[in-house]
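User: I am new to this structure. Please take a close look at the salt bridges and then walk me through the parts around them.

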Amino acid sequence: MMSPAELLNARLQQRRALRSRSIKPWYRNGALMAGIVIVGALVLIAVLAPLLAPYDPIAQDLRNTLASPSAEHWLGTDKFGRDILSRLIWGAQVDLRVGFLAVLIPFVFGSVLGAIAGYFGGWLDTILMRIVDVFFAFPFYVMVIVLVFIFGSGEASIYLAIAAVSWVSYAKIVRGEVLVAKKQDYVTAARLGGMSHGRILVKHIGPNVLSQAIIYGMSDIVMDIMAIVTLGYLGLGIAPPTAEWGSMINDGQEFITTQWQQATIPGLMVVVASLGLSFLGDGLSDLLSPERRK
Amino acid sequence: MTMPEAQPLEGRPLNAEPLAVDPPVLRVANLAKSYDLPTSLLSRIARRGDKATLRALDGVELQLNRGEILALVGESGSGKSTLAKILVGSTAATAGEIEYHGAPMPARRGKDDSRRIQMVFQDPYSSLNPRLTVGAMLRELLVLHSIVPAKQVREESKRLLNLVGLEEDALDAYPSQFSGGQRQRIAIARALAVRPDILIADEPVSALDVSVQATVLDLFATLRRDLGLSILFVAHNLAVVQHLSDRVAVMYLGRIVEVAETAELFRNPRHPYTRALIDSIPRMSAGSVTEAFQLEGEPPSPFDVPSGCRFNPRCPYAVDACRTTDPVLETVAPAHLSACIRASELTELAVARV
Amino acid sequence: MTDPLLSVRSLSIGVTRGSTDPTLIVEDVSFDISKGERFGIVGESGSGKSLTLRAIGDLLPRGVEVLAGSIRYNGTELVGMPRSSRRKLMGPEIAMIFQEPMTALNPVVRVGEQIAEGPRRYLGMTRAESMARAIEMMAKTGIPDPVRRARAYPHELSGGLRQRIMIAMALSCDPRLLLCDEPTTALDVTVQHQVLRLLEDLCDDSGAALAFVTHDLAVVNQTCTDLAVMYSGHIVESGTVREVLSDPRHPYTQGLLDSAPDFDRPERPLIPIPGFPPNVASRPSGCPFAPRCPFVVEACRTAMPPMVTVAPGHGAACIEADRISRELVAR
């Protein structure tokens, strides 16, 4: 077909092309690195809480309440004399755990349902989408609060309530992506290659559609932390005296004029955590969307 | 370049019993495909309006012989892509039969049935999974069909890449690292991985730049010669078809209207539509264009196929009989079929200048 | 000789977004189009042919700008002209036809209205006059039953009819220069034939000049009188269609001719151009075609060869242009 010289030339071109078109390495991605640093630091703080926290976060010291920052209590104490820094550190553990876990369950459940509905279509898809529409008709917070009220307060019921409400988002996102992906020729090619529907869905479509759900999941963690904060504010959250940023903001706001740091610093932590997770989501979306050349 | 020895059906007995006369590798008869378009809920409730039926294919007859390149040409809406999809089994026909080596092809194809007929797609960008390396893509197919023992999978992948003119280092690369022409080669390697004996290529070069087209066309010719593949080449570019194919089938509005060997078809077209197609080709040298075959209008909608000959509203040769009789595909010369009642009156074209 | 209608000189177009050092996509492009001329710009994807055309029509995508050079229309400099006065030229003087009419037509306005808008705005016609003009233009472009079709929305029409609507719209104000960006690539071959004929006839009637961008040499051969071949942002060869196609002097033009199947010479083997075009961001120094060129010599890799006149009205940007002609004869 080609002369040896032409073939050699074409191959040299290919080799050069393979080099020049290689993808930017992940560590050169600014947003991703910022996200990893911030979220990583928070996770580290949460994991090392027993070592980092100078005091027991629930130990009261009624002789030393509402203390201003000092050498002993860097961020002062709250109205029960508990060390705010220690509560902040332990709070990271509770909030991050609840945030991640509350996302994990609906992520898995919603994605699997959405993928199956989108891929096979038919009555299954119709029924699922009607359910999704019903869920979307109610505001997220209202539903969560009602469900927590029904299930009773506590960490487990928060997971359950959030999962019951937010799986629909994942189902909807993944279904939409699957609808697009299943029309791609590479899916037809996989069918012609004799592959089963299950294999195509998991191995060929899955990796191409999950990135959107993962990116959404990052922002959803932020949402869930906010939800926990809100629930804590309404007295439906994590039961006191467990240290948790939401209840700390709630407790501290009484003293905003005298001891501003009591509410502001946990609030700042929420902001930092949100920022870190958003960066992580942005970075992941860069990393996970394959460079579509055209 | 030397081709490693490769028999597409090595060690795999065919389903069909050997016959005295070699049957065509693929034969379709009376194939039809129609789609009922959903009407709106409101009109269904009101029970108004007939259900719209799109006739994509309507009585298609075609055979693909062993080791030939058969071109399928037609304009958009002619149903040529639908036919390709039915032949590979990714869409089911509404009616008609498909025979593979003389035996009927089951409606639901198993792993081994679908292996035998593979496809190369038009768009080299959507036909490769962006998240699989070329090596992973080939490995999956080779392992799934136990084409070679596990130890030889990498060796076989390299052989496939060499077969389509790519180097081994492509194995660890992702599709995004390749140009359109190279992607099309990778897609061809994927189709060949499962050792098919039929390749259906749906406009495989029309998304490529002219200078790249030639290398991919040559690849198809080489594969036919060295592997004995039978290739159905769906295309709209008649110059490409003339260059590559042995026989040509012309489709118009869901039916084959003319079939002949390439040189015969272009020299002596026996259907006015084929004649009009030839006269519409932009030419590099002053051609033998006659004003008699300038078509008016555009192909009618497949929702509303004209009665009689489906080409009659645009045909400069149409007579009254054309509006009532639906002509069938008949032999008008040796190995030359045409569906036109005035086929014998069409004159031979001036021989192309060389 | 009279002044050309359009004169493009040393035009460079580049991406300026996000960097102080712009990436050049079109570099040092010059050509003239005289009144009534049909000028083809041929090249593969990424050659810069469409951007050159869009620069003339002031339709460059966001982030892409004319960096240097001049575009003179009828003696008036267009580069640097205020956008408002430039817009006044579009329609009555310069009109454009796109590859995909669906994206260029307004989906919620009846096609008759869309055609009538130009004459009303630029020729000062009344509503009734402009509608009559629209129907007249539709009839001229061969649309059957124009009175009824004028009330249709774009999505109700077929691709060929939509392309005719675009042509009717472009010609409704009698422009003197018609810019066409692959106007028939999306059409079927019989319809392409009709549309090309129509464009030729209408331009002959009104005396409008045509700038026609395409990747298909055969289409240029049938439609145009003159052409320029672009490769990687440069014009590598230009001249009359007859001259350039019968005696190509640039190895790229020759490669294009050799690699495309020619319907009238079915036995001729196709000779592909090895390799592929350079990435715009990492173009080699010297002649951009050098890495793929069979005639390459050392000097090709140092500087872009200047355009040399090889015959009256026929230029090629190749230092080996004379030798290539001899080798062609020898083949």
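Analyst:
**Salt bridges and their surroundings**

Counted over all chains, the structure holds 44 salt bridges. The model is a predicted one, and the distances below were computed from its atoms. Side chains of opposite charge can pair when their charged atoms come close. A few of these pairs are described here, starting with one inside chain B.

B:Glu99 and B:Arg27 form a salt bridge in which the closest N and O atoms are 3.3 Å apart. This pair links distant parts of the chain, as 72 residues separate the two partners. B:Glu99 sits in strand S4 of chain B, which covers residues 95-100, while B:Arg27 belongs to strand S1 of chain B, residues 26-37. B:Arg27 has a relative accessibility of 26%, so this residue counts as partly exposed, being neither under 20% nor over 50%.

What does the salt bridge between B:Arg283 and C:Asp264 join? The closest N and O atoms of B:Arg283 and C:Asp264 are 3.0 Å apart. B:Arg283 lies in a loop of chain B, between helix H10 (272-280) and helix H11 (320-324), and C:Asp264 lies in a loop of chain C, between helix H11 (251-259) and strand S11 (308-311), so the pair joins two chains. Both B:Arg283 and C:Asp264 are buried.

Chain C also has a salt bridge between C:Arg249 and C:Asp247, with 3.1 Å from N to O. Are the two partners buried or partly exposed? C:Arg249 is buried because its relative accessible area is 10%, which is under 20%. C:Asp247 comes to 22% relative accessibility and therefore counts as partly exposed. Back in chain B, salt bridges with shared partners join B:Asp58, B:Arg255, B:Arg310 and B:Asp326 into one network.

The salt bridge from B:Arg283 to C:Asp264 leads to the contact between chain B and chain C. Across this interface, the rule finds 1 salt bridge. There are also 9 residue pairs in polar contact between the two chains, counting those with both residues at pLDDT 80 or more. Three helices of chain B each supply at least two residues of the side that touches chain C: H7 (210-227), H8 (238-244) and H10. H7(B) gives the most to that side, with 6 residues. Sorted by class, the side of chain B that touches chain C has 17 nonpolar, 11 polar and 10 charged residues.

How many residues does each chain bring to the contact? Chain B gives 38 residues and chain C gives 39 residues. About 3400 Å² is buried between chain B and chain C, and carbon and sulfur atoms give 56% of that area. Of the area that chain B buries against chain C, 20% comes from B:Pro282, B:Met284 and B:Glu298, which is more than any other three residues supply.

Strand S11 of chain C, which ends the loop holding C:Asp264, has a pairing partner. S11(C) pairs in the antiparallel sense with strand S12 of chain C (residues 314-316), over 3 bridges. One bridge is between C:Ala311 and C:His314, the latter in S12(C). The hairpin of S11(C) and S12(C) has 2 residues between the strands, and C:Gly313 takes a positive phi near 75 degrees there.

Two uncharged residues of chain B complete the picture. B:Leu161 is in helix H5, which spans residues 153-163 of chain B. B:Leu161 is buried, because its relative accessible area is 0%. Apart from neighbours within four places in sequence, the contacts of B:Leu161 include B:Val134, B:Leu138, B:Leu171 and B:Ala189. B:Ala193 is 32 residues from B:Leu161 in sequence and 9.7 Å away in space, C-alpha to C-alpha.

B:Ala84 belongs to helix H2 of chain B, residues 80-88. Its relative accessibility is 0%, so B:Ala84 counts as buried. Not counting residues up to four places away in sequence, B:Ala84 touches B:Met119, B:Ile200 and B:Val234. B:Ala84 and B:Leu72 are 12 residues apart in sequence, with 9.3 Å between their C-alpha atoms.

Key. Residues are numbered from 1 along each chain as its sequence is written. Chains are lettered from A and ligands numbered from 1 in the order in which they are written. This is a predicted model: local features need pLDDT of at least 70, side-chain atom pairs count only at pLDDT 80 or more; totals for chains, interfaces and linings use all residues. Side-chain values use heavy atoms; hydrogens and water are left out. A salt bridge is a side-chain nitrogen of Lys or Arg within 4 Å of a carboxyl oxygen of Asp or Glu. Helices (H or I, at least four residues) and strands (E, at least two) are DSSP runs, numbered from the N terminus. Buried means under 20% relative accessible area, exposed over 50%, partly exposed in between (1.4 Å probe, protein chains only). Contact means heavy atoms within 4.5 Å. Buried area is the accessible area (1.4 Å probe) that two parts lose on being put together, summed over both. A polar contact is a pair of N or O atoms within 3.5 Å; within protein, one must be able to donate a hydrogen and the other to accept it, and residues adjacent in sequence count only if both atoms are side-chain atoms. Ala, Val, Leu, Ile, Met, Phe, Trp, Tyr, Cys and Pro count as nonpolar, Asp, Glu, Lys and Arg as charged, and the others, Gly among them, as polar. Two strands pair if DSSP finds at least two bridges between them.
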